[in-house]
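These are my notebook entries on a structure that I had not examined before. I set down what I looked up, in the order in which I looked it up.

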Amino acid sequence: MNYVEYGKENSDVIILLHGGGLSWWNYKEVAERLQTDYHVVLPILDGHAGCDKQFTTIENNALDIIEFVNSKLGGSVLMMGGLSLGGQILLEILS
């Protein structure tokens, strides 16, 4: 999974998950507005523009994001949101 990041590395982290048929650019304007106060991470879900992996399952995407959070973000984020497919992946992450 690829990630687009905005803002300060050591700030509170917000992750936004785009919907099906969209990509990171769905949240570009929001990320630009938040970047002065937060570190915004926009994962590019498998099978979408900017990612070279085929989509397999919601569960696999959730596991990739959990691994990213644990390995790159110290295991926690301030906030996470998702739209449509991104919301389904977020629910899987939370479960």
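Entry 1. Burial.
Before counting, I fixed the term: a residue is buried when its relative accessible area is under 20%, exposed when over 50%, and partly exposed in between. I note also that I am working from a predicted model. By this cut-off, buried residues make up 40% of the 95 residues in the protein. I then looked up the accessible surface, which comes to about 5,400 Å². Carbon and sulfur atoms hold 49% of that surface.

Entry 2. Overall layout.
I recorded three helices and four strands. Along the sequence they follow the pattern β-β-α-β-α-β-α. The radius of gyration is 12 Å, close to the 12 Å that the globule rule gives for 95 residues, so the protein is as compact as a globular protein of that length. I also noted the span of the C-alpha trace along its principal axes, about 35 × 25 × 20 Å. Among contacts with a separation of 6 or more, 75% join residues 24 or more positions apart.

Entry 3. Charges.
I found 5 positive and 12 negative side chains in the protein. The centres of the two sets lie 7 Å apart.

Entry 4. Nonpolar cores.
Which residues touch the most other members of the largest nonpolar core? I listed Ile15, Leu17, Leu45, Ile65, Met80, Ile89 and Ile93, out of 16 residues in that core. Strand E2, helix H2 (58-72) and helix H3 (85-94) each supply at least two residues of this core. I also found a second, separate core of 10 residues, which includes Val4, Leu42, Ile44 and Cys51.

Entry 5. Helix H3 and Ile93.
Which residues of H3 are buried? They are Leu85, Gly86, Gly87, Ile89, Leu90 and Ile93. Their cover includes E2, H2 and strand E4 (79-82). I followed isoleucine 93 further and, leaving aside its neighbours within four places in sequence, found it in contact with Leu17, Ala62, Ile65, Ile66 and Met80. For the spacing of such positions I noted a general rule: an α-helix has 3.6 residues a turn, so residues three or four places apart point the same way.

Entry 6. The loop between E1 and E2.
Two residues that I looked up here are glycine 7 and serine 11, the latter placed between strand E1 (2-6) and strand E2 (13-17). Is serine 11 buried or exposed? Serine 11 has a relative accessible area of 18%, and the cut-off for buried is under 20%, so I entered serine 11 as buried. Not counting residues up to four places away in sequence, serine 11 touches Asp37, Tyr38 and His39. Glycine 7 is partly exposed, with a relative accessible area of 38%. Leaving aside neighbours within four places in sequence, glycine 7 is in contact with Gln35 and Tyr38. I noted that Tyr38 appears in the contacts of serine 11 and in those of glycine 7.

Entry 7. Glycine 7 and helix H1.
I then looked from glycine 7 towards glutamate 32, which is found in helix H1 (residues 28-34). Glutamate 32 is partly exposed, at a relative accessible area of 37%. These two residues are 25 residues apart in sequence, and their C-alpha atoms are 8.1 Å apart in space. For glycine 7 and arginine 33, 26 residues apart along the chain, I recorded a C-alpha separation of 9.6 Å.

Conventions
Residues numbered from 1 in each chain as written. Predicted model: local features only at pLDDT ≥ 70, side-chain atom pairs only at ≥ 80, totals over all residues. Heavy atoms only, no water. Buried < 20%, exposed > 50% of the residue type's maximum accessible area, 1.4 Å probe, protein only. Contact = heavy atoms within 4.5 Å. Rg over C-alpha atoms; globule rule 2.2 N^0.38 Å. Areas by Shrake-Rupley, 256 points an atom, 1.4 Å probe, with all protein chains shown as cover. Lys, Arg positive; Asp, Glu negative; His and termini not counted. Charge placed at Lys NZ, Arg CZ, Asp CG, Glu CD. Core = buried A, V, L, I, M, F, W, Y, C linked by side-chain atoms within 4.5 Å.
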